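The following report describes how two protein chains meet and then turns to one loop residue.

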Amino acid sequence: MKSKTFNPEKNIGNFFENYDADFKPFFETRVMARIENMVMSYQMNRDFAFRKIFMPALATLVVVFVLAVIMGQGISVQSLMGWTNIDMESAIASSMGY
Amino acid sequence: MKEKLTDSELIAMVNGGNQQAFSELMKRYRKMVARVVIGMLGDTPEADDVGQEVFVRFYQSISSFRGDSALGTYLTRIAINLSLNELNSRKRRFLFFSVKDDEQPLPDLADEANVDESLSRNELIEKALAHLDPKFRSVILLRLIEGYSTKETAEMLGVPLGTVLSRLTRAQDRLKEIVSKLSREMVINTADTTAKVKVKTELK
């Protein structure tokens, strides 16, 4: 056995020569499986978000868009947000209760 | 796969969606990561988990890896940080049970239960490292086992150069003590086993 001839008092640095360690077999396979799971769950989350958030939001926008066109207001930020064209004078007057 | 592609070429391939290239990188650096993680945590199931986590983290950050440092250094840094995190959480978990995790008492030479019959050099090294405080263990691993310079070790651990040097000196002194004791155990044990075999033979 090597350690019988090893003298730790002389040089501790030599003690670590040829030190070798390794993980359990199929380490790469386990890592790749974890990565694949991670990628799959990322894709699933992305699909879920697409179905639950992006699609309803898009549908709502289309409906608002179509309504704005049908009601003849044209397409503008004001029409999409439901604002009406009022001038500054009448806005001040209405805020003062006249 | 083509013979001897460089790390940068393999990284570019991984970024292009080639999983095989990532497997190749793992094969190259697996043992190096194992030495750091097993040296820090011992040959435990957690060491395997941490080893896996090192490569998963690397995969997640591979697109932002610019190659400022060598890939080995980059992975060693991740491995040492994750191992230290694991040791901290282990410490928290066993706070109320352990004597003191970082400075384990050496086994009593007279205690037969503590004496392993066939301790290989690797096991002896891991056993000796386990008796060291993690901050000393990390310095020994990086400086003496992985062969990084004092400056690189200091950078990886985020401590001043002087701290690395003083930790190294203290760790070496402590290791000499530990290894002498463990080696003596082995000699005693070998002698004991030989004696047992002799007695058994004589009895027959």
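How many residue pairs are in polar contact across the interface of chain A and chain B? The rule finds 11 such pairs, both residues being at pLDDT 80 or more, where a polar contact is a pair of N or O atoms within 3.5 Å, one able to donate a hydrogen and the other to accept it, and residues adjacent in sequence count only if both atoms are side-chain atoms.

This is a predicted model, in which local features need pLDDT of at least 70 and side-chain atom pairs count only at pLDDT 80 or more, whereas totals for chains, interfaces and linings use all residues. Residues are numbered from 1 along each chain as its sequence is written, chains are lettered from A in the order in which they are written, and side-chain values use heavy atoms, with hydrogens and water left out.

| Interface of chain A and chain B | Value |
|---|---|
| Residues from chain A in contact (heavy atoms within 4.5 Å) | 30 residues |
| Residues from chain B in contact | 43 residues |
| Area buried (accessible area lost by both, 1.4 Å probe) | about 3600 Å² |

Carbon and sulfur atoms give 65% of that buried area, and in chain A the residues that lose the most area to chain B are Phe16(A), Tyr19(A) and Phe23(A), together 21% of what that side buries.

There are six salt bridges between the chains, each a side-chain nitrogen of Lys or Arg within 4 Å of a carboxyl oxygen of Asp or Glu; one of them joins Arg34(A) to Glu53(B) at 2.3 Å, N to O.

Within chain B, Asp133(B) counts as buried (under 20% relative accessible area, 1.4 Å probe, protein chains only) because its relative accessibility is 8%. A polar atom of the Asp133(B) side chain lies 2.9 Å from the backbone nitrogen of Lys135(B).

How values were computed: Buried area = accessible area lost by both parts, 1.4 Å probe. Buried < 20%, exposed > 50% of the residue type's maximum accessible area, 1.4 Å probe, protein only.
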